[in-house]
Amino acid sequence: MDNNWDTEKLKPEDLPATVTLVCLVTYENPSNKGDEEGLPPTNHWCLFRKGEADLSGREHSVHKVESGWACDVAGRITEVFGKSGKQEADLRHQIIICTYISCRSKQPSSPTTASAPNTQIMASLPRASQDGLEWKETLFDLVPQWTREPSIPAIENVCRQQLGIPSEDRCTVTFLTSGLFNKLYIVECATGPLIMRVTLPVYPRHKTRAEVATLRWVHENTTIPVPKVFGFDDNNENEVGFEWTLMELMEGTSAHRRWRNMSMEQKVAFTRQIAKFQAELSGFGKPVSLFRSIGTLDIQEFAQGGDAEHLEKVAPGLLVSHEFFMGDRLHYDVPRGPFHSSHDWLSAELNIILLAQTAVLGSTEDEDDREDAEEILPVARKLLSLVPKVFPVTLDKPEITALYHHDLHLNNILVNEEGEITAVLDWECVSAMPLWMSTKVPKFLDEPTREEEPQRDLYANETPEEAAAVIESRHDPDYLDNEGKNQLYFIHRMEYEATQLRKVYEATLRQLWPKWPLEESHAEIDFFQAIAACDGIWVKRARRWADCMEKGERMRFEDA
């Protein structure tokens, strides 16, 4: 456009239906002293639009649409969106911010014809504060850290308000344990014990909302025992200072603690029940698919104040996962869901890896980090070019999806004394995934193959040093009594049991869900594993697998 300062040059026809991203950027202009009429100095703004990527997967085209004064620009652009039939948005002309609006549609429309926009959210940066969170770099990963502790008196006050407990009645709060993103507290009151889950703002608002939506959907649509949610706050502007969820305390002991004392018959029944749960999550026996599109369930409409009893609509939304929010990844300009297809989702994950490793090259002074980035980048680029080989580029309708619990290890499953499942926990980041993801075995069955049963008497006893180390770890939540035997026996025992129980799991799912796509999903699962491996210590394996794929040779990732 030939006039950089006239907002009247911004016309509806500049926003065709293929626009997927609009960025309004305002920035300081310290040299501006005001104009000859004595008006105060202002800030400048630029408007950019991003078009659809073509079918070859090349980069999106980015065009500068307009530049001009920051004054009143929000109203002007909103007006143009309205005339174009696009979704209006709150465009705030604050200094040094970007606002992103999605305005996708299936078919191009004339500038004067209204069309229903696709609701895919492009790089929707949450405005909620991440106060209280910092990321610490370890040898292998980034780990979230609490910069301040939640106040127990504040938690007690919130619980009293939420449950209507008078000041004279009993309500005590005690710290229980910590997870990667959460701190758990026991709340004791007249109605019985509850759990208060206080969470770090790794993905402000969205992670808490998503977990509440997921728990509600699972409770209403399956027989899986999950905690009831009594209240939540997806904003950290409260007395606690963090997002929180108040939920039911489920009965039982972690299956991890009971596993060694359970009989094989109990473990078989346990595994069959988990397979039944997965079949329910996948919608077996339902007349229509449970979900379409890939994303974490979100509360589309809900009553203000976090009233868990008055939630309205639940559907896939932004994908809340580690790969999308670790470190500064929350601020990357990438699609975040809901994704139309596996192709779109995995392409976004690879683009995140490319952005992260490119940032490392541009900022690090550590030679090892530089070498790692230089090794990872070509593998990620190659995988990105291979995505269309396995996953269709376009689908007429969004891909059929179902909830997939990616973290079903034994500590997240509670059992009673008979080994029967009383609760399945930790639904944060559980998302609606493509059906091929349901062919991955649960975490507790993901062990190396061992067909020969280990014989206890053939393994050595614990050494005095090992016995002393065991005594020191008795207060560890994962502590298990080795009964005087070397730890290697129990490792091999678990591998053997997992090998046999995988057969039970697969047979049960085939019986419950005859169309379970196990064999036809090998290529998709291998590709997913290659992406997960290419951004870490297994990058060489990912490279070998990608090289075979590029040559048209099929290889299981585990054999690479």
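User: Why is Thr223 called exposed?

Analyst: This is a predicted model, and in it Thr223 has a relative accessible area of 52%. Exposed means over 50%, so Thr223 makes the cut. You'll find Thr223 in the loop between H3 and S10.

User: What makes the link between Thr223 and Glu280 a polar contact?

Analyst: Their side chains come to 2.6 Å in that contact, and the limit is 3.5 Å between N or O atoms. Thr223 does something similar with the side chain of Lys276, at 3.2 Å. By sequence you might not guess the Glu280 pairing, as the two residues are 57 places apart, yet their C-alpha atoms are 8.0 Å apart in space. Thr223 also touches Phe277.

User: How do you know that Arg160 and Glu156 form a salt bridge?

Analyst: Their closest N and O atoms are 3.1 Å apart, and the cut-off is 4 Å, so the pair counts as a salt bridge. Both sit in helix H2, four residues apart, which means about one helical turn separates them.

User: Why is Arg160 called buried, and what is Glu156 called?

Analyst: Arg160 has 13% relative accessibility, and buried means under 20%, so Arg160 is buried. Glu156 comes out at 23%, which lies between the 20% and 50% limits, so partly exposed is the right label for Glu156.

User: What makes Arg493 and Glu497 a salt bridge, and is Glu497 buried or exposed?

Analyst: The N to O distance is 3.2 Å, which fits within 4 Å. These two are four residues apart in helix H10. Glu497 has a relative accessible area of 5%, so with the line drawn at 20%, Glu497 is buried. Across the whole structure, a search finds 25 salt bridges.

User: Why is Cys534 called buried, and how many disulfides are there?

Analyst: Cys534 has a relative accessible area of 0%, and under 20% is what buried takes. Cys429, at 10%, is buried as well. As for disulfides, the search finds zero in the whole structure. No pair of cysteine sulfur atoms lies within 2.5 Å, then.

User: Which residues touch the most other members of the largest nonpolar core?

Analyst: Phe270, Ile274 and Trp427 do, in a core of 48 residues. Helix H5 gives the most to this core, with seven residues. Ile274 is in contact with residues well along the chain, including Leu408, Phe444 and Tyr505.

Key. Residues numbered from 1 in each chain as written. Predicted model: local features only at pLDDT ≥ 70, side-chain atom pairs only at ≥ 80, totals over all residues. Heavy atoms only, no water. Buried < 20%, exposed > 50% of the residue type's maximum accessible area, 1.4 Å probe, protein only. Core = buried A, V, L, I, M, F, W, Y, C linked by side-chain atoms within 4.5 Å. Contact = heavy atoms within 4.5 Å. Polar contact = N/O pair within 3.5 Å; in protein donor to acceptor, adjacent residues only side chain to side chain. Salt bridge = Lys/Arg side-chain N within 4 Å of Asp/Glu carboxyl O. Lists of a residue's contacts leave out its neighbours within four places in sequence.
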